[in-house]
Each structure stands twice: as C-alpha cells, then as structure tokens.
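Reader: I am new to this structure. Please pick one single part, look at it closely, and then work outwards from there to the rest.

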Amino acid sequence: MKIAAIEIGNFRKLQNVRVGISDQETVLVGANNSGKTSAMVALRNFLVERERSKFSLNDFTLSHWPAIDEMGRTWEEAKTADKKLPTPAWSPLLPFLDVWLTVAKSEAHFVQKLIPTLDWDGGHMGVRLRLEPKDAEQLQKDFLTAREEAKLIETADTDTGEETIKNSRNPIVLWPRSLTEFLQRRFKNQFTVGSYILDPDKFADPKHGRAEPQELGDNAVPIEGEPFKGLIRIDEIPAQRGFGQIDGAGEADEEGVATRASATRKMSEQLRRYWNKHLDPFESPDAEDIDALRAIEQAQKAFDDRLREGFADALNEVEGLGYPGVTDPRLKLSTRLKPIDGLNHDTAVQYIIQMTDGKSTVDLNLPEDSNGLGYQNLISMVFRLMSARDAWMRVGKAASITAVDPKMLIPPLHLVLIEEPEAYLHTQVQQVFIRQAYKILRNHNELQKEGSRLTTQMIVSTHSSHIAHECDFDSLRYFRRLPASGKGVPISGVVNLGSIFGDDSETKRFVTRYIKVTHCDLFFADAAVLVEGAAERILVPFFIQNQPNLKELNECYVTWLEIGGSHAHRLRKLIEHLGLTTLIITDLDAKNSANKSVAPARGANQKSRNATLGKWWPANDDLDELLDVESEKKIKEYKDHHFSIRVAYQCPVQITFKGSDAEALANTLEDALVMQNIALFSKDGGKGLFSKFKSAIDDSKTIDDLSSTLFKKIKTAGSGAKAEFALDLLEIEKPSMLQPPLYILEGLIWLATQLRQKQKDLKIATSETTVEEKAP
C-alpha cells in the first residue's frame, strides 16, 4: 500500500494541482512564491491538524472571493424580494485535498470503509477531504440575520431627528458588508472538514500541469469518522522548528492517526518525550526494568532516612507546641524519585570537547545551547525522524498499546512531512541529511525484512539546490508560477519531472548528470540563460552590471548554464515542462559543404553546425536564412505553457572600418566583440588574444579581411585563452566602454522585458487583491 498522488484544489495558490508521490521520497522544488509552502500547509491542515481548526477564509483561492460575495448578494436580493432563497452553491469554491492510494486486493481489510464499489479488485482508491460548511442553510440564515441587523442600524434615525448614520458626514462602517467579511469572523464556527470516497474511474491525468479533479455531486454522502485512522500515521517536522522559542506543540497520537512533531529544538526535551513514550520503567514494567526499579526504591529509602534525620529537631520543636495533638496525624517526610527528572534541566544533554596537553586528555562538557545552530538543527531533525519511526513501530513501552488493545495494529503506511530542512545547515550537511533521512525512517528490523508491507513515504519541501541535486530526478516535483488570467490572481501548477523525458533515457541521463555536476539552480530561478562557453559565462553578467539598460536584471533571480550549442537543445524538454523563461546565447558556428568550420559569408552555401538552432529554434541551419531572421522571429512562444524562449546568435552589424561602411559577420563571441568595439581593440597595451586582435585590425584592409583573420586567430586559440581574454576584459578602466555585441544586447533586453512583465503581473494581482479584500 502506498500513496500514489495528492490533488489539491481551491486552496490558496493551488487551484488545481496534482503532486505525484514517489515510493520513498518526494521533493517539492520551485521558485519563491510558487506554491510549495501552500502545499505543505494544505497537507498539514487537512491531515495533521484537521481537528485543531487551523483553517480560515484566507485558505480559499482569492479569485473565488468575488463569487462568494456574489452568492451572498443573491441571497439578500431573494430575501428582499420575498422569494425562495437560492440553494447555497459552495461546491466549486471549496478547498479540498484528494488522497489517492494504491492498495492491493490482499490489503482490503485495512481499507474496508474506503472501498468505492462492490466490484473493486485492488488498485486506486481515493478520499477527498473538503473544507465545507457544517450546515449550509444555517450559514445562509446566520449571514442574512447579521446583514438585516446591520441594515436596521444603518437606516435607524436618531432620537433628535438628525440625519441617519448612513447619510452622515462620517458614516459608521457596520459589519458585515459582504459574505466574505462575515466569514472572516465566523469561519471556525461555520466550517468543518468532510471526507468523501472518490471514483477511481475518474482519476484523470493532469493537463499542462493542471489537475483534472473529479466533481463531487451535491448528493455525496460524507464518510463517518476519521478515514485514515489505523491506516496512515502522519508525522511532521515543520520549517519553524522553535529555534530560540519556547516549546509549544503537542505529542504524537498513540493511535498514529495524524500527529505533528513537537516544535521544540532542544534535544533534552525530545529525549524526555522519547523516555515517556518508550523507556519509562514505571509504565508496563518488564524483566529488564526490575533492576532499575529496585535501584530507585533503594535510593528513595536512603534519601527518606536522611531527610528524617535532618528534619528531626525541627519536627520535634513543632510537636512541642502542642500540635499535632493526640488525635491529629503525625508529620512524615517522604520523597518520590522519578528518573525523568534527571533530564529535566538545561544541561541534560551536553557535548564533549576533548582537550590534551600532550600527556593526558581531559573531557570538557558544554551544554547543547553552546553548539552551533546548524549542528543543533541536524541532530534535532535526525532524532525526530527516529522518534517518529519508533512511535510508528511501537518500540519499547509503546508496544503496550497493542498488548492492551489488539485492535490497535500498526498502521501499514507512514507519511513523514519535512519542511525546509536546509535551515541553518551548510551545503555538505544538507546533502548528508537528505541522503540519510529515508534510511533512518526505515532503520528497524521489521521494516528491513524482505516483502514487508509496512510502507514509509517522505515528502520534503526545499529551496536548496543542493538538496535537489542529491535526490533522484524522478522524485522531484516542480512548482511553477502561472500568470493571472483577466482579473484573477496568479496560481501554480506542478510538474512531475520524472515523466517529462518519456522513453528517451539517453537525454534523461545527460540532463540528470549535467544538473548534478554543474549544481545549477534551474528549479528555483525566475529565468535561465544558456551560454555557449566560459567566456560568455564571464562576460554576460559583466555586461548586465555595467549597462544602464540591463541593470534591472541584477534584481531578478537568473540562473546561468554553461552549455554549448551542440548540447543546449537536449535541455529542451526540461525547460518546456518547467515553463521557464529562457534566453539561449549561442554561436552561429558556420560550416561549408565539406563540413569544415569556416568564417561566415553570404551566398556561400554555408550551414550552421549549431544543433540548437537547427533542432530547437528557429529550427533552421541555413546560414543565409539565419542571418536574415528578424529579431521577433527569434522568439518561440509556448502559449499553452505561458512562457517564451529566445535564441541570440551573431547577427549582421553595420560598422565603419578604415573609412568604409560595410556589413560585419561574426562567428563567435570573440570576433563579435571586436566588430562591436573596433576602437577599443585598436589600442596598444593588450596581451594574449587582445594583442592578436589588434594586429588583425592593423593588418586588415576590409571587413572581409578582418573577419577571415579573426576567424583564424580564434580557431587556433584554446578555450583557456578565450577564458583568459574574458578575464582581461574585466580589468578595463571604464567598463561601460566595452559594448556588448548586438545579438547579446538584444537578447538581454528581451529577457529584462519578460521579467519586468512578470513582476508587473504580480504587482497588479497584489494590488487588486488588496482592494478586493477591503472592498465592501
């Protein structure tokens, strides 16, 4: 048995998304504000804290708020017209979480009350947890009553006959002005979570990252009781782990239904909880506890005797006052020793530091607060995972639960939620944690047996590319921001990265290895720039920093991928599924009919060797046609996915060279730089390629001569010389004097425009949301 997928709808930014759950670990990745936290909150509220009423009106997708207010207005209009009140139409607006399980027929006894039909023969089964009105008709009545009371006050005349409150110069704003405003105060009393069985035949595949959840009929009958009781144990390590805060969360449910880990960070606190649950010898003592109990009793007796001796004179003096009397009980001092008291202090857990003077070694002890936050956090999370596992497996005294009540079997499924484990951790420690976390959760004899039917699944949300790189590509779920449509608000989609390559295992292997080796942060960026080589990787950010019309790109989260034109197209499927705005800065790379690299020339029947230009965009390798492609035609729009890519390669430029105006054609970044900065490279004082380019300018009479000479010098230069040339350019006195090649400038301006539009959309949505929340 396992959880196959979770679908979330109408919950904050998550209007309709599916998160496929891997057999072991599932890692949620994506840029900031893409919906990862919303997904974890939905899992927490619906599964972990559903009985604690953590929901509010703010959990409804904001674009549904106008529809809620409109529903309230139709109720008012009907009541004013003395007509029958409309039936509340809540169903399309309600937040929900669908849990889809894969269950074998032999496991049917675990899910008896969740079986969808009599002919179910194993496979998928689904349960919807929906936030819904406790009584829709009563909610309608309560709202109309509140509105009626507000109207009576608004229209009432004062005793002095002055203007009504409604028409006064400073009108009083009376509550509630709308249904959403009514719910902001009365939500917890009006809403609850209902559970419903879903139809496996309607479990449809997502489209363009948007789930297709089945509709729940108005006559759907909720399941009585807790649907996952005895079936799934849920534990959580939240992002706010209480560093520097007082412990506040409760302990795990003994029945393993839906529990939240303690928010404390102190190891001593966690040890005390673990002791109480698994080790306390006073709870169901066994043979191993006898010696400990005997030692406690002997210590307690010795302490009692010492107390009586110490207080004997004081007690005799009290009795000498005539109290206690003959009929009054006499005073006796008695102690009660509890082993847990030994852990109930700030230095219960200490760290040992060894000091040596060359002859002997001394152990010095420091309290746990003296250690670094990163180490504390790592130890804390690891121990929580161990505690969650042992609580699930009923280790130690927890096994007495099953002994007392045989019906309390171990739930067959353990779901562990971990939010942002990278907090306070160094890169290497992040990687160690994610590599070991699942192993810790399965480190139990019963769980390691071959054929064990006890399943552990772990869901992790992260902003760390280092954690993402340590995970199997199939386990990554990418949360993608989708633009607002009309007057709506931005929402999110989810992409299962394990399925985007299909049967193309070679491309998948290349992309997976490339991302791991380069440690790129593609999954967390606002946009990507694919560059041809090391020189572009060095100089393009330099252009952005020193060109006034490009500086706004510094404010955006752009990831840089150094990948040549012969391989960039292999990232195509990944970028298309991520829907990530991408600029591809590549080379024209001309070749002749003999497939030899040559200097670019018109009318010479040349082709481009660049596979990205030929196979991806503009899907053409004819050099003459590539030179004449208009700037707008270098953009490929993916309307269904709401994003675009653009290629930037060397394009013809008109320059003046030795008194003549002519068209200059470049083949690589280096010769394009020379063509764009003839005056700069004509100066003395350079070295390496800089010096070679100056001599080429001096020796050439025409642009064609210069192009041919530059091609030869660049061809013989190695990649190291090109990188050194780029580094030398960083040292020029006035960086603004170095003009970027036209093709790069055009591409970066396009990228800045795209990101500016994205930010504008978000700002408009935020502004409209604010007005919407405040409007009557």
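Author: The part chosen is phenylalanine 203, which counts as buried because its relative accessibility is 19%. Buried here stands for under 20% relative accessible area, exposed for over 50%, and partly exposed for what lies in between, with a 1.4 Å probe and protein chains only. The model is predicted, so local features need pLDDT of at least 70 and side-chain atom pairs count only at pLDDT 80 or more, while totals for chains, interfaces and linings use all residues. Residues are numbered from 1 along each chain as its sequence is written, and side-chain values use heavy atoms, with hydrogens and water left out.

Phenylalanine 203 belongs to the subject of ring pairs. The structure holds 19 aromatic pairs. In one of them, tryptophan 100 and phenylalanine 203 are tilted, with 4.4 Å from centre to centre and 35 degrees between the planes. The pair links distant parts of the chain, 103 residues apart: tryptophan 100 is in strand β4 (residues 96-103), and phenylalanine 203 is in the loop between β6 (191-198) and β7 (232-237). Tryptophan 100 counts as buried as well, at 1% relative accessibility. For these pairs, the rings of Phe, Tyr and Trp (its six-membered ring) must have centres within 6.5 Å; planes under 30 degrees apart are stacked, over 60 edge-to-face, and the rest tilted. Helices (H or I, at least four residues) and strands (E, at least two) are DSSP runs, numbered from the N terminus.

Another pair, phenylalanine 681 with phenylalanine 693, is edge-to-face, at 6.2 Å between centres and 75 degrees between planes. Phenylalanine 681 lies in helix α18 (residues 678-681) and phenylalanine 693 in helix α19 (residues 689-699), so the pair ties together parts twelve residues apart in sequence. Phenylalanine 681 is buried, at 0% relative accessibility, and phenylalanine 693 is buried at 0% too. Elsewhere, ring pairs link Phe60, Trp90, Phe187 and Phe191 into a cluster.

Some rings have a charge over them (NZ of Lys or CZ of Arg within 6 Å of the ring centre and within 35 degrees of the ring normal). Phenylalanine 96 has arginine 128 over its face, 4.1 Å from the ring centre. Tyrosine 649 has lysine 634 over its face, at 4.6 Å from the ring centre.

The loop that holds phenylalanine 203 lies between β6 and β7, and β7 leads on to the sheet. Strands β7 and β10 run parallel and are joined by six bridges; two strands pair if DSSP finds at least two bridges between them. One bridge sets aspartate 235 against valine 416 in β10. Strand β10 is also joined to strand β11 (residues 455-461), again in parallel, by seven bridges. Here histidine 414 has threonine 456 of β11 as its bridge partner.

Seven of the seven residues of β10 (residues 413-419) are buried, so this strand is largely enclosed by the rest of the structure. In a regular strand the side chains alternate between the two faces of the sheet. Both faces of β10 are covered, with Leu413, Leu415, Leu417 and Glu419 buried on one side and His414, Val416 and Ile418 on the other.

Helix α17 (residues 669-676) has seven of its eight residues buried, so this helix too is largely enclosed by the rest of the structure. Those buried residues are Leu669, Glu670, Asp671, Ala672, Leu673, Val674 and Met675.

Threonine 559 sits in strand β15 (residues 558-562) and is buried, with a relative accessible area of 2%. Beyond its neighbours within four places in sequence, threonine 559 is in contact (heavy atoms within 4.5 Å) with Cys520, Asp521, Leu522, Ala525, Ala527, Ala528 and Val529.

Two loops have backbone features to note. Most residues other than glycine have a negative phi, and most peptide bonds are trans. Tryptophan 617 and proline 618 are joined by a cis peptide bond, with omega about 10 degrees; proline 618 is in the loop between α15 (611-615) and α16 (623-627). Lysine 658, not a glycine, has a positive phi of about 50 degrees and lies in the loop between β21 (653-657) and β22 (660-664). Lysine 658 is partly exposed, at 48% relative accessibility.

As for the whole, the protein has 22 helices and 22 strands, and buried residues make up 48% of its 776 residues.
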